[in-house]
Amino acid sequence: MNDIEQVQEMFTKACSMEELFVATLKALYNGISDPERQPSPTMSIVLQLIDYKKIPFAVQWILQHNEQSLERALLTLCNWLSKWMYTPNLGPLVLCFMQGLEAKQHDDILIEVARVYIEKLFKLVILESIRGSVGPVVLYILERMQHNPEAFHKILPHINSILNSLYKQRSDSSQYYLHKFVNLFMALMEHFPGHPGLYDDLKDTLEQYHPEKNYKETLNCKSWLDINNCTLTIRSSTGKVGLNNLGNTCYMNSVLQALYMTKLFRNSVLQSPRDTMPLFSKLQALFALLQFSQRCSLSPNDILNLARPPGFQPGHQHDSSEFLGYLLDILHEQEHSIYSSSIGNNAVNIGSSSGMSSDSTVVQGSFGGRILTVSRCDVCGLQSERTDSFRELQLSFPNNCMDQSVHTLLNYYLQPERLCGDNQYHCDTCKRLTDGERVSRIVETPRRLILTLKHFRYDPVSQQRTKLLQRVKLDSYLVLENVRYELYAAVVHCGSSVDSGHYYTTQPEELCQLHPPETPYILFYSRDDCVDPEPLPRTVLSARLQELLMKDSADLEAEKKRPVKLKTINQNGGGDPPPPGCGDGGFINNSHNRYVC
């Protein structure tokens, strides 16, 4: 720390001249805005060269740059703020930077950065030494994120412990922020209704700290995506409807978006007569509304309630791949059970080689394939075969191999595996464990191929799942058993671990713009000989779905008669992009053209 202070003093003496100040600012910005660099938080000592009074001037100079570099710069500064507490004016710079972006109407950048860092920054408020720097930034984000509850719900699991710590410290600053947070959280709970049970414990906690009667006034400020001037947003002429975030549910929204983009699956769901199954029925309703509703966004509460996997806690971030697998399992099992009952047969497991064919359920007809596994004993040469069904292939990364493509990872998945050591083969002929070899081969290719790139690996030292940040060449086309596939959608994870960060769905052409910690996670490929069907016309839907759409249309017309200002959000680009999500009220038109959830 002494060395850092000496370097800081040296820079201060050298940069007293105005031209050197500008040169220093330019060098700093080049470092924090370059996606190819990962500057250390210690670099923030250069900020000490900027007098506190010159911060607004520095921000105005920064705001002259393009939108993509602005987002990278703010992400870097927030990353430093979450890790480094030895630069007092770092927090004021971040706050002034955010205010400048707000004035320039770069709400998309602010929302993206808030999603990534609000949780980390909020947890730092308990530290007295950095509270004055971090606290104003946290309050600013929470007050401005009024368009959806994502930021508020991200910090829900930590609120009780943070408030308790602030209360026990008894310092002037701790009591000031305790008072601020209690009033703000009371206002946010009322601002985001429709989450039964989620706020019960929090409300009891806040009452202990005696919030003020006028706590609602804490939200009397400008909101990003200004809900007061855009209370009712109609969707654009492209006809896309978004998904609202229900509290860290981007893992679900991104999957639902990708499934909706799978036209073969979407049409099969909408046309299926099996609408008596609870989850299947709700998915039909959601797909119908996504395709035909004139609303800007929808809340998939029913899907969340019926398809939340065991262990998935409300308000917490979870693994989108795990959710996808569980959702498809439930849909398949519900339909399979009814199918089996209708023909008088017992239900069979997905991995069985008998029973229903792969086309017997909507899920299997869209995503189902079959893989043959041959195991051979090195001692007697006996071979055993087993055929299993699959709906997703999870591709692991080889050890100590950085340059990978989806094609090489797929080949790695299918390469022969030696069975030795702790992984020996039990031979029925030798009646003991022996060395051997296992070979897998796809014998039935799916119409739509789902590949999960296993960027998460268990670390035995930290006893946590860590994220691998290897770059992967994303092949737009794949060949699997002489069958050609084309990439049409991808779920991307942005963050450092599976339990944090953000998921969103995007199109293939956007994947070339990814930078760590953004990584492609779930890839969706379409088989070339199975052409996408045309979207179904409304007239072919069931009477139940027709009635649902008529009610939605009537409700929307009634809402339009309220005295609100309408705003249409424009959407650039062609093709068939996924619907937006996370309650952004429609498409976010930014330089990345991301359709975040």
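Tutor: A salt bridge is a side-chain nitrogen of Lys or Arg within 4 Å of a carboxyl oxygen of Asp or Glu. A search of this whole structure finds 18 salt bridges. The model is predicted, so local features need pLDDT of at least 70 and side-chain atom pairs count only at pLDDT 80 or more, while totals for chains, interfaces and linings use all residues. Residues are numbered from 1 along each chain as its sequence is written, and side-chain values use heavy atoms, with hydrogens and water left out.

Student: Before the pairs, how many helices and strands does the protein have?

Tutor: Helices (H or I, at least four residues) and strands (E, at least two) are DSSP runs, numbered from the N terminus. In this protein there are 18 helices and 21 strands.

Student: What percentage of the residues is buried?

Tutor: Burial is read from relative accessible area: buried means under 20%, exposed over 50%, and partly exposed in between (1.4 Å probe, protein chains only). Here 55% of the 597 residues are buried. For absolute areas (Shrake-Rupley, 1.4 Å probe; for residues, only the protein chains shown count as cover), the protein exposes about 27200 Å², and carbon and sulfur atoms supply 49% of that surface.

Student: Back to salt bridges. Which residue pairs with Glu112, and where do the two lie?

Tutor: The partner of Glu112 is Arg115, with the closest N and O atoms 3.9 Å apart. Both residues belong to helix H6 (residues 107-123), where a spacing of 3 residues is about one turn of the helix. Glu112 and Arg115 are both buried.

Student: Which residue does Glu128 bridge to?

Tutor: Glu128 meets Arg131 in a salt bridge of 2.8 Å, N to O. This pair also sits 3 residues apart, about one turn, in helix H7 (residues 128-144). Glu128 is classed as partly exposed because its relative accessible area is 41%. Arg131 is at 0%, so it counts as buried.

Student: What is the state of each partner in the bridge between Arg386 and Asp388, buried or exposed?

Tutor: The closest N and O atoms of Arg386 and Asp388 are 2.8 Å apart. Arg386 is exposed, at 53% relative accessible area, whereas Asp388, at 16%, counts as buried. Bridges can also share partners: Glu102, Glu143 and Arg144 are joined into one network in this way.

Student: Which residues form the negative patch on the surface?

Tutor: Patches are made of residues with over 30% relative accessible area and no salt bridge; like charges are joined within 9 Å, and nonpolar side chains (Val, Leu, Ile, Met, Phe, Trp, Tyr) within 5 Å. Lys and Arg count as positive and Asp and Glu as negative, with His and the chain ends not counted. A charge is placed at NZ of Lys, CZ of Arg, CG of Asp or CD of Glu. The negative patch consists of Asp200, Asp201, Asp204 and Glu207. One of these residues, Asp201, lies in helix H10 (residues 200-207) and is exposed, with a relative accessible area of 62%.

Student: Which residues make up the nonpolar patch?

Tutor: Met85, Ile126 and Leu127 make it up, with about 200 Å² of accessible area together. Leu127 is in the loop between H6 and H7, and its 30% relative accessibility makes it partly exposed.

Student: Where do positive phi values occur in residues other than glycine?

Tutor: Look at the backbone of Lys431, where phi is about 55°. Lys431 falls in the loop between strand E9 (425-427) and strand E10 (432-434), and at 65% relative accessibility it counts as exposed. Asn482 is another case, with phi near 65°. Asn482 is in the loop between strand E16 (477-480) and strand E17 (483-494), and is exposed at 78%.

Student: What does Ser366 touch, apart from its neighbours within four places in sequence?

Tutor: Contact means heavy atoms within 4.5 Å. With those neighbours set aside, Ser366 is in contact with Leu264, Phe265, Arg447 and Arg448. Ser366 belongs to helix H16 (residues 362-367) and is buried, with a relative accessible area of 1%. Across the protein, among contacts with a separation of 6 or more, 74% link residues 24 or more positions apart.

Student: How far is His336 from Val363?

Tutor: Their C-alpha atoms are separated by 9.9 Å, and the two residues are 27 residues apart along the chain. His336 is part of helix H15 (residues 320-342) and is buried, at 5% relative accessible area.
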